[in-house]
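Notebook open, viewer open. I'm going through this one from the ligand outwards, then the fold, then a few single residues.

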Amino acid sequence: MSGRTTALAPPDGAEPPVRHPDAPAPGEVIGSHYEHCFGCGGGVPHGLHLEARAGEGVSVTAEFRVKEAHQGAPGLAHGGVLATALDETLGSLGWLLRVIAVTGRLETDYVQPVPVGTVLHLDAAVHAVHGRKIYATATGRIGGPEGPVAVRASAVFIEVKIDHFIENGRPAEIQAALADPDQVKVARAFEVNP
Ligand SMILES: CCCCCCCC(=O)SCCNC(=O)CCNC(=O)[C@H](O)C(C)(C)COP(=O)(O)OP(=O)(O)OC[C@H]1O[C@@H](n2cnc3c(N)ncnc32)[C@H](O)[C@@H]1OP(=O)(O)O
């Protein structure tokens, strides 16, 4: 058995997160990191088109409008799509820490069904960092940013290097992304904070 732990609670010795001095200002739109990202990309017709905004400390907010293409049961959002919205919101926290990180573990609680047409008001925050592990939670509310909780998640993200994407991604997309003359877009596609 490996000694690896995937616990969602930060271990002893975990530190509070530190907002990077060059993090986007509170209220600033973080924007899509990759046009073809299912969570935030503008180039995915049935994607979530989620738009995250920097918050105070190491936190973000985001909104996601549930569309017909996101159904699981008739007229209701698919649970996996809601998990994606939580994951994407949590993923954008890396921009406040200025690290590249991927989801290691994501645990989701479904509290209320979410009908098609609903705007899900999401917020997420990092609570602790331990080595490469980033401990964060997210909440999705309906009816407004202070509305009742419909979904929530706890997650551990793991900091990685750009090689994670270059070594594991499909070559066609990697090469296309690297070939973009806009170096900021290149950096963002791989979540390398410029
Ligand atoms: C705006 C951006 C939005 C981005 C989209 C939203 C985010 C995403 O959906 S990312 C895509 C989904 N995630 C992935 O594809 C990740 C796939 N997994 C992997 O590549 C690897 O397992 C990876 C990188 C997470 C860890 O592998 P590796 O680098 O070898 O880590 P490893 O050395 O084993 O472990 C490092 C530490 O992390 C911990 N850890 C590793 N895996 C996990 C896990 N699944 N859960 C919790 N902790 C973990 C280990 O226990 C270890 O802790 P410690 O330092 O205390 O011993």
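**Ligand shell.** Before sorting anything, I fix the classes: Ala, Val, Leu, Ile, Met, Phe, Trp, Tyr, Cys and Pro count as nonpolar, Asp, Glu, Lys and Arg as charged, and the others, Gly among them, as polar. Also a reminder to myself that this is a predicted model.

With those classes, I get four nonpolar, nine polar and seven charged residues in the shell around the ligand. The shell holds 20 residues, and the closest are Thr6, Gly91, Val102, Gly104 and Arg105. Next I checked which elements give two or more residues to that shell, and found helix H1 (79-91), strand E3 (101-110) and strand E6 (149-159). E3 gives the most, with four residues.

**Overall fold.** I count five helices and six strands in the protein. Walking along the sequence, I read the pattern as β-β-α-α-β-β-β-β-α-α-α. How compact is the protein for its length? The radius of gyration comes out at 17 Å, close to the 16 Å that the globule rule gives for 194 residues, so the protein is as compact as a globular protein of that length. The C-alpha trace spans about 45 × 40 × 40 Å along the principal axes.

I also looked at contacts with a separation of 6 or more: 64% of them join residues 24 or more positions apart. Buried residues make up 32% of the 194 residues.

**Record check.** UniProt has the feature "domain: Thioesterase" at residues 75-139, in an unreviewed entry. I looked at that stretch on its own: the chain there is 26% helix and 45% strand, and its end C-alpha atoms sit 21 Å apart.

**Nonpolar core.** In soluble globular proteins, nonpolar side chains tend to be buried together. So I went for the largest nonpolar core here, which has 40 residues; Ala85, Leu90, Leu93, Val126 and Ala136 touch the most other members. Strand E1 (51-54), strand E2 (59-65), H1, helix H2 (94-97), E4, strand E5 (133-142) and E6 each supply at least two residues of this core.

I picked alanine 85 for a closer look. Leaving out neighbours within four places in sequence, alanine 85 is in contact with Leu48, Leu50, Phe64, Leu120, Leu122 and Gly140.

That list sent me to leucine 122, which is in strand E4. Is leucine 122 buried or exposed? I find 27 other C-beta atoms within 10 Å of leucine 122, and 20 or more is the cut-off, so leucine 122 is buried. Beyond four places in sequence, its contacts include Thr61, Ala62, Glu63 and Phe64, as well as Ala85, Leu86 and Thr89. Ala138, Thr139 and Gly140 are also among the contacts of leucine 122. For one of these partners I noted the C-alpha distance: leucine 122 and alanine 138 are 7.0 Å apart in space and 16 residues apart in sequence.

**Alanine 54.** Alanine 54 lies in strand E1. It counts as buried because it has 22 C-beta neighbours inside 10 Å. Not counting residues up to four places away, alanine 54 touches Ala23, Pro24, Ala25, Pro26, Gly27, Glu28, Ile30, Val60 and Leu96. I followed up isoleucine 30: its C-alpha is 6.4 Å from that of alanine 54, with the two positions 24 residues apart along the chain.

**Glycine 117.** This glycine lies in the loop between E3 and strand E4 (119-130). Glycine 117 has 11 C-beta neighbours inside 10 Å, so it counts as exposed. Even so I logged a long-range partner: glycine 117 and lysine 67 are 50 residues apart in sequence but 5.9 Å apart, C-alpha to C-alpha.

**Positive phi.** Which residues did I flag here? One is histidine 49, with phi near 50 degrees, a positive value in a residue other than glycine. Histidine 49 is in the segment before E1 and counts as partly exposed, with 18 C-beta neighbours inside 10 Å.

The other note is on arginine 98, not a glycine either, whose phi is near 60 degrees. I located arginine 98 in the loop between H2 and E3. With 15 other C-beta atoms within 10 Å, arginine 98 is partly exposed.

Methods. Residues are numbered from 1 along each chain as its sequence is written. This is a predicted model: local features need pLDDT of at least 70, side-chain atom pairs count only at pLDDT 80 or more; totals for chains, interfaces and linings use all residues. A residue is near a molecule or strand if its C-beta atom, placed from the backbone, lies within 6 Å of it. The radius of gyration is taken over C-alpha atoms; the globule rule is 2.2 Å times the number of residues to the power 0.38. A residue is buried if 20 or more other C-beta atoms lie within 10 Å of its own, exposed if 12 or fewer, and partly exposed in between; C-beta atoms are placed from the backbone. Two residues are in contact if their C-beta atoms, placed from the backbone, lie within 7 Å. UniProt positions are given in the numbering used here, feature names are shortened, and annotations may be inferred rather than shown by experiment. A nonpolar core is a set of buried Ala, Val, Leu, Ile, Met, Phe, Trp, Tyr and Cys residues joined through C-beta atoms within 7 Å.
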